[in-house]
Amino acid sequence: MESVKKYVAEFIGTCVLVFAACGTAVAVGCNGADGNAAYLMTALAFGLVIVAMAYSIGNVSGCHINPAVTLAVFINKGISAKDAACYVVSQVLGGIFGALLLGLVAGFDNNSFGANGLYQDSIGISLLVEIILTFIFVLAILGVTSKPEFSKVAGIVIGLSLVLVHIFGIHFTGTSVNPARSLASAVFNHDALSSVWVFIVGPLVGAAIAAFCWMFIKPEEK
């Protein structure tokens, strides 16, 4: 039963992320080409959702709500293979449900669903951006969750880290760093389906690099 609660928490968290954060991008008309208030509001929305979820479901599932984060935690032996797989399934389904709710509220026609896109049609640059940004984000997560004494501020640090990578990345790719969020948006924005693999592979590669890097640099346990 405890495992089921974790999976439900991951479903809810990812649903809220897609509905509220991607929904903000839709509501304010965020355009990566324009560094305006809508741009900053979208970046803040993603970070604030993480803060809200970290302090609500964090004590249930750890608040991964991101397959890339789950992969990194798995590599660092913080979660079993079974739980990791169930987390990812829950995250993907939660994200799709969040996008469905967004469609019901904002409409399905002419709705971007906050989907990601290639920067200047370049697969290489877009992959590189997603790998680097996910590396930064996941490394921050692994570091701040490594000690119990950081627990009170972990949610804030992680949320601000997500704001940071969005402030940089929205201009280039819309910022994914989360395969579940990208896939959910692409399910309803068919124009994004052809390139969605970039926003699945990039974050997973970045997360894996961050996980191995953390394993190397983390302080020795006393």
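In the protein chain, 77% of the contacts with a separation of 6 or more join residues that lie 24 or more positions apart. This is a predicted model, and the paragraphs below move from the chain as a whole to individual residues.

The secondary structure of the protein chain consists of nine helices and zero strands, so the pattern read along the sequence is α-α-α-α-α-α-α-α-α, with strands taken as DSSP runs of at least two residues. The C-alpha trace spans about 55 × 35 × 30 Å along its principal axes. A compact globule of 222 residues would have a radius of gyration near 17 Å, and the 16 Å found for the protein chain agrees with that. Of the 222 residues, 48% are buried. The chain exposes about 10500 Å², of which carbon and sulfur atoms supply 69%.

Part of the surface deserves a closer look. Phe19, Phe97, Leu100, Leu104, Val105 and Phe108 form a nonpolar patch there, and together they have about 550 Å² of accessible area. Helix α5, which covers residues 81–106, provides the largest share of the patch, with four residues. Phenylalanine 19, another member of the patch, is found in helix α1, residues 2–28. Its relative accessibility is 33%, so phenylalanine 19 counts as partly exposed.

Helix α5 also holds alanine 84. Unlike the patch, which is on the surface, alanine 84 is buried, because its relative accessible area is 10% and the limit for buried is under 20%. Leaving out residues up to four places away in sequence, alanine 84 touches Thr70, Phe74 and Ile79. The C-alpha atoms of alanine 84 and proline 67 are separated by 8.4 Å, with their positions 17 residues apart along the chain.

The cysteines come next. A disulfide is a covalent bond between the sulfur atoms of two cysteines. A search of the whole structure finds zero disulfides. Cysteine 15 is in no disulfide, and the nearest cysteine sulfur, that of cysteine 22, is 11 Å away. Since a disulfide needs sulfur atoms within 2.5 Å, that distance of 11 Å is too long for cysteine 15 to form one in this model. Cysteine 22 is likewise in no disulfide: the nearest cysteine sulfur to cysteine 22 belongs to cysteine 30 and is 11 Å away. Both residues are under cover, as cysteine 15 is buried with a relative accessible area of 10% and cysteine 22 counts as buried at 0% relative accessibility.

Two residues in loops have a backbone feature worth checking on screen. Phi of isoleucine 65 is near 35°, a positive value in a residue other than glycine. Isoleucine 65 is found in the loop between α3 (58–61) and α4 (67–75), and with a relative accessible area of 0% this isoleucine is buried. Asparagine 110 also has a positive phi, near 55°, and is again a residue other than glycine. The place of asparagine 110 is in the loop between α5 and α6, the latter covering residues 123–144. At 87% relative accessibility, asparagine 110 counts as exposed, whereas isoleucine 65 is buried.

Serine 126 lies in helix α6. At 0% relative accessibility, serine 126 counts as buried. Apart from neighbours within four places in sequence, serine 126 is in contact with Leu118, Tyr119, Thr173 and Val198. Methionine 41, by contrast, is 85 residues from serine 126 along the chain, and the C-alpha atoms of the two are separated by 22 Å.

Leucine 162 is found in helix α7, which covers residues 151–169. With 4% relative accessibility, leucine 162 counts as buried. The contacts of leucine 162, not counting residues up to four places away in sequence, are Phe46, Gly47, Ile50, Phe137 and Val177. Serine 122 is 40 residues from leucine 162 along the chain, and the C-alpha atoms of this pair are separated by 23 Å.

Note on methods. Residues numbered from 1 in each chain as written. Predicted model: local features only at pLDDT ≥ 70, side-chain atom pairs only at ≥ 80, totals over all residues. Heavy atoms only, no water. Patch = residues over 30% accessible without salt bridge, like charges linked within 9 Å, V, L, I, M, F, W, Y side chains within 5 Å. Areas by Shrake-Rupley, 256 points an atom, 1.4 Å probe, with all protein chains shown as cover. Salt bridge = Lys/Arg side-chain N within 4 Å of Asp/Glu carboxyl O. Buried < 20%, exposed > 50% of the residue type's maximum accessible area, 1.4 Å probe, protein only. Rg over C-alpha atoms; globule rule 2.2 N^0.38 Å. Contact = heavy atoms within 4.5 Å.
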